[in-house]
Amino acid sequence: PRFDYDPISGECRGLLIEESRVNYAYPSIYPGSGPNFWTSVIENSNTSPDGTFTAVNYIWRNFANCYGPYSPITNTAGIPYTGSCFIKPDDNISSSSVQIGRNDSAVFARCVFSHSTKTVSVNSVGGVTNASASITPFPNGWYRISVTATFTSSYSNFALFFTALSNNGNVYTWGFQLEQGAFPTSYIPTSGSTVTRSADNASMTGTNFSSWYNSSEGTLYANAVSNGNTTQIAGVAA
């Protein structure tokens, strides 16, 4: 079984039980395909959230709207998709974003991350509905940001992007993920292709269960209101 922990306090939240998901972004550490207009991209430049020295440093100067897409897929219209990545800003002057949509920037939903305030906002262009953004703090100055949106049409050039939104900036990234679903799930590492994580199916059987559960007796509690005929006997459980 997998266990879920608060990323800041380390407190155990209990079993981590998630549905099956596919990470369509690969490789998940560095978006190596598509246009790239950064002043500098330095791989293996900082300690990532998983403790390995695999974070990527993006630096841009005097040029806004730098971007780098992953290999595109064809999305399904009317189904929500979520794009996410881990970000660690190294300055107080700029903003960057993670976005999903067409790779011609005509249709997209974007989660904008402010380096100075450590907050996110959402904006969208084109045939996009129900767009939302989220942010989760992690130790050592890392944040996981995500954008979720539903697209009214299908596109063969649908992809995940990391984008610079101001003329200057410096940021570390790690753990990109594009998945079909209405919320981000735990990070699924990829390298040369997409990766599917199976659904968690937790169960307790045999003596692990019978050692503390008494199947022959117990207590049932119910709090109910009868809306039926008062002359009848209303059953709650049998």
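1. Let's start with Asn-130, which sits in strand E11, spanning residues 128-137. In this predicted model, its phi is near 55°, a positive value in a residue other than glycine. Asn-130 counts as exposed, because its relative accessibility is 63% and the cut-off for exposed is over 50%. Asn-130 is also one of the residues in contact with Thr-148, a residue I come back to below.

2. A companion to look at is Asn-140, found in the loop between E11 and E12. Asn-140 is not a glycine either, yet has a positive phi of about 60°. With a relative accessible area of 64%, Asn-140 is exposed. When you check the backbone, I would put Asn-130 and Asn-140 side by side on the screen.

3. The backbone has another feature for your list, this time in a peptide bond. Tyr-26 and Pro-27 are joined by a cis peptide bond, with omega at about -10°. Pro-27 belongs to the loop between strand E3 (21-23) and strand E4 (40-46).

4. Now to Thr-148, in strand E12, which covers residues 143-151. Is Thr-148 buried or exposed? Its relative accessible area is 8%, and since buried means under 20%, Thr-148 is buried. Setting aside neighbours within four places in sequence, Thr-148 is in contact with Pro-80, Tyr-81 and Thr-82, with Asn-130, Ala-131 and Ser-132, and with Gly-181, Ala-182 and Phe-183. One of these contacts has a polar component: the side chains of Thr-148 and Thr-82 make a polar contact at 2.7 Å.

5. Strand E7 (residues 80-89) deserves a point of its own. Why can E7 be called largely enclosed by the rest of the structure? The reason is that 9 of its 10 residues are buried. E7 pairs with E12 in the antiparallel sense over 8 bridges, and Pro-80 has Thr-150 of E12 as its bridge partner. E7 also pairs with strand E14 (residues 168-180), again antiparallel and over 8 bridges. On that side, Thr-82 has Glu-179 of E14 as its bridge partner. Thr-82 is thus a handy residue to centre on: its backbone partner is in E14, while its side chain makes the polar contact with Thr-148.

6. Glu-18 is a charged residue worth a look, in the loop between strand E2 (12-15) and E3. Glu-18 has a relative accessible area of 13% and is buried. Which side chain makes a polar contact of 2.6 Å with that of Glu-18? The partner is Ser-186. Not counting residues up to four places away in sequence, Glu-18 touches Arg-2, Thr-185, Ser-186, Arg-197, Ala-199 and Asp-200.

7. Thr-163, in strand E13 (residues 158-164), offers another polar pair. At 3% relative accessibility, Thr-163 counts as buried. Its side chain makes a polar contact of 3.4 Å with the side chain of Gln-99. Thr-163 and Gln-99 are 64 residues apart along the chain, and their C-alpha atoms are separated by 7.5 Å.

8. Turning to the surface, which residues make the nonpolar patch of about 420 Å²? They are Phe-3, Tyr-5, Leu-15 and Ile-17. Phe-3 is placed in strand E1, residues 3-5. With 43% relative accessibility, Phe-3 counts as partly exposed.

9. Finally, some figures for the chain as a whole. The protein chain has 1 helix and 15 strands. Of its 238 residues, 38% count as buried. Among contacts between residues at least 6 apart in sequence, 66% join residues at least 24 apart; the Thr-163 and Gln-99 pair, 64 residues apart, is a good place to see such a separation along the chain. The accessible surface comes to about 12600 Å², with 51% of it belonging to carbon and sulfur atoms.

Definitions and conventions
Residues numbered from 1 in each chain as written. Predicted model: local features only at pLDDT ≥ 70, side-chain atom pairs only at ≥ 80, totals over all residues. Heavy atoms only, no water. Helix = DSSP H or I, 4+ residues; strand = E, 2+ residues; numbered from the N terminus. Buried < 20%, exposed > 50% of the residue type's maximum accessible area, 1.4 Å probe, protein only. Polar contact = N/O pair within 3.5 Å; in protein donor to acceptor, adjacent residues only side chain to side chain. Contact = heavy atoms within 4.5 Å. Pairing = 2+ DSSP bridges. Patch = residues over 30% accessible without salt bridge, like charges linked within 9 Å, V, L, I, M, F, W, Y side chains within 5 Å. Areas by Shrake-Rupley, 256 points an atom, 1.4 Å probe, with all protein chains shown as cover. Salt bridge = Lys/Arg side-chain N within 4 Å of Asp/Glu carboxyl O.
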